[in-house]
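Work through the following exercises with the structure in view. Each task is followed by a solution in steps.

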Amino acid sequence: MQIFDYASAKIVNSKVDIDFPERFDTENPALVLSPPFVDIHTHVRLNDQEDYDSLNRAALVGGFGACVIQPNTKPPIENLGVLENHIRLSKGKEVKFLHTVSLFGDIEDLDELENFKDNITGWSTDGIRYTSEDLVRAFSRKKNVLVFDHSQIHEIPGDFYIGTSLPNALRTYSNEAIAICRTVLTGLEFGFNKFHIQHVSTVQSLEMIEFLRRKAQITCEVTPHHVFFLPEDIRNTNQKINPPISKDRDALVKAVRDGVITCFATDHAPHPEKGDSFEQAPYGSSHIEVAFSVYLTVFQDVELVLRNLTVNPLRVLDKTYEMLDLHFPDDAVLIDTSAEYVVESRKFLSKGKNCAFEGQRLKGRILGVRRNGRWVYWNGEFLN
Ligand SMILES: [Zn+2]
């Protein structure tokens, strides 16, 4: 067994003194013990479409110890009442849930929310239809903290990028890059200086981010689907995702290797049955349980994958594991990097079975999950 040492962000050959639920070959070098993963982009819908219990179990099995919830819940997290409700519902779970607040709602100063400070990571525009006017109004009223930006010019229609043969393929390729530029430059004008760009999908966006990094502090993420699929791989509505799968998959993979992209996220987006109509299906894929394996299958580099699921997302949040009350090795994930399996979303613990990776053969599996010094999940079973 090897250890992922998060201080050096390297896999090392050291020993940890912990017990295991059963006897097995602890000398096996394919086994890696890591701190829990951090997902800075998770959706919980509530109202029967995923609640904090189903998400907690799904995230645990996926290896995650902390998730940052986006505000497009039902109702959206845009006022104090809804925010308090989410913090109450998500309290006391094995996964540490953090929250973002809609940039367009009633709350104007997050630092004023004394009791919530440890639970809130910033503003977010994710999942909300907004105009340029909304952005200007919001930036002129809100206090400066980190902004998670779902960068999209919503006035331009289209579910897929122009050039694909899919229905309603009208979205311009430049849409995302223009939206990134609009958010950052507008925010800067009102004193905002920290931006996290969500699910980057095009090379033009990466070029825009590199340009804007001269002016502001900008981090960015990729998602499992954007580094796995090309537009020609789209066969069913579970692969209808926002932003759409783009032709730039290989360039996104390279940008991760080159360090241009700060970290991995899941954009886990559970939905009930999406149906066969590409025009009518909602956006999103449910996949927090298999996200690690997707990344390992694509990158074939355990150290790179763990870095992008642990220390790099923490850097975006400007937090440490200790601040999230996660302490290695009392809180840890045991990974079998040699395992392979085929995704069967009907077995998911998430209420969302709408998985873009259904039927895919993936590499690497979460063997065990440890929380507060105790194994809570082992080899497919929850332990009491
Ligand atoms: Zn999202």
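Helices (H or I, at least four residues) and strands (E, at least two) are DSSP runs, numbered from the N terminus. The model is predicted.

**Exercise 1. Find the two cis peptide bonds that precede Pro75 and Pro243, and place each proline between its neighbouring elements.**

Step 1. The bond from Lys74 to Pro75 is cis, and its omega is near -5°. Pro75 sits in the loop that runs between strand E5 (64-69) and helix H2 (80-90).

Step 2. Asn242 and Pro243 are also joined by a cis peptide bond, with omega about -5°. Pro243 belongs to the loop between helix H6 (224-228) and helix H7 (249-257).

Step 3. As background, most peptide bonds are trans.

**Exercise 2. Describe the secondary structure and overall dimensions of the protein.**

Step 1. Count the elements: there are 10 helices and 15 strands.

Step 2. Compare the radius of gyration with the globule rule. The value is 20 Å, close to the 21 Å that the rule gives for 384 residues, so the protein is as compact as a globular protein of that length.

Step 3. Take the extents: along the principal axes, the C-alpha trace spans about 60 × 50 × 40 Å.

Step 4. Look at burial and contacts. Of the 384 residues, 49% count as buried. Among contacts between residues at least 6 apart in sequence, 73% join residues at least 24 apart.

**Exercise 3. Trace the open sheet of 7 strands and name its edges.**

Step 1. The strand order is E2-E1-E3-E12-E13-E14-E15, and the pairing is mixed.

Step 2. Strand E2 (10-12) and strand E15 (381-382) are the edge strands, each pairing on one side only.

Step 3. Examine the E15 end. Strand E14 (residues 374-378) runs antiparallel to E15, and 2 bridges join them. Trp378 stands opposite Glu381 in E15.

Step 4. Add the helix that lies across the sheet strands E12 (332-342) and E13 (361-371): this is helix H8 (residues 291-299), running at about 135° to E13.

**Exercise 4. Sort the residues of helix H3 (residues 132-141) into a buried side and the face turned away from it.**

Step 1. Leu135, Ala138 and Phe139 are the buried residues of H3. They lie on the same side of H3, because they cover an arc of only 95° around the axis.

Step 2. The face turned away from that buried side carries the exposed residues Glu133 and Ser140.

Step 3. The packing partner of the buried residues of H3 is helix H4 (175-189).

**Exercise 5. Which members of the largest nonpolar core touch the most other members, and what does Phe64 touch?**

Step 1. The core has 93 residues, and those touching the most other members are Ala59, Phe64, Cys67 and Phe292.

Step 2. Leaving aside residues up to four places away in sequence, Phe64 touches Pro36, Phe37, Asp39, Ala59, Val95 and Ile288.

**Exercise 6. Are Asn168 and Asp325, with their positive phi, buried or exposed?**

Step 1. Neither residue is glycine: phi is near 55° for Asn168 and near 60° for Asp325. Most residues other than glycine have a negative phi.

Step 2. Locate them. Asn168 is in the loop between strand E8 (147-149) and H4, and Asp325 is in the loop between helix H10 (311-317) and E12.

Step 3. Apply the cut-off: a residue is exposed if 12 or fewer other C-beta atoms lie within 10 Å of its own. Asn168 has 12 within 10 Å, so Asn168 is exposed. Asp325 has 12 C-beta neighbours inside 10 Å and therefore also counts as exposed.

Note on methods. Residues are numbered from 1 along each chain as its sequence is written. This is a predicted model: local features need pLDDT of at least 70, side-chain atom pairs count only at pLDDT 80 or more; totals for chains, interfaces and linings use all residues. A nonpolar core is a set of buried Ala, Val, Leu, Ile, Met, Phe, Trp, Tyr and Cys residues joined through C-beta atoms within 7 Å. A residue is buried if 20 or more other C-beta atoms lie within 10 Å of its own, exposed if 12 or fewer, and partly exposed in between; C-beta atoms are placed from the backbone. Two residues are in contact if their C-beta atoms, placed from the backbone, lie within 7 Å. The radius of gyration is taken over C-alpha atoms; the globule rule is 2.2 Å times the number of residues to the power 0.38. Two strands pair if DSSP finds at least two bridges between them. Axes are lines fitted to C-alpha atoms, for helices over the stretch in contact, and angles run from 0 to 180 degrees between N-to-C directions. The arc is that of the directions from the helix axis to the C-beta atoms.
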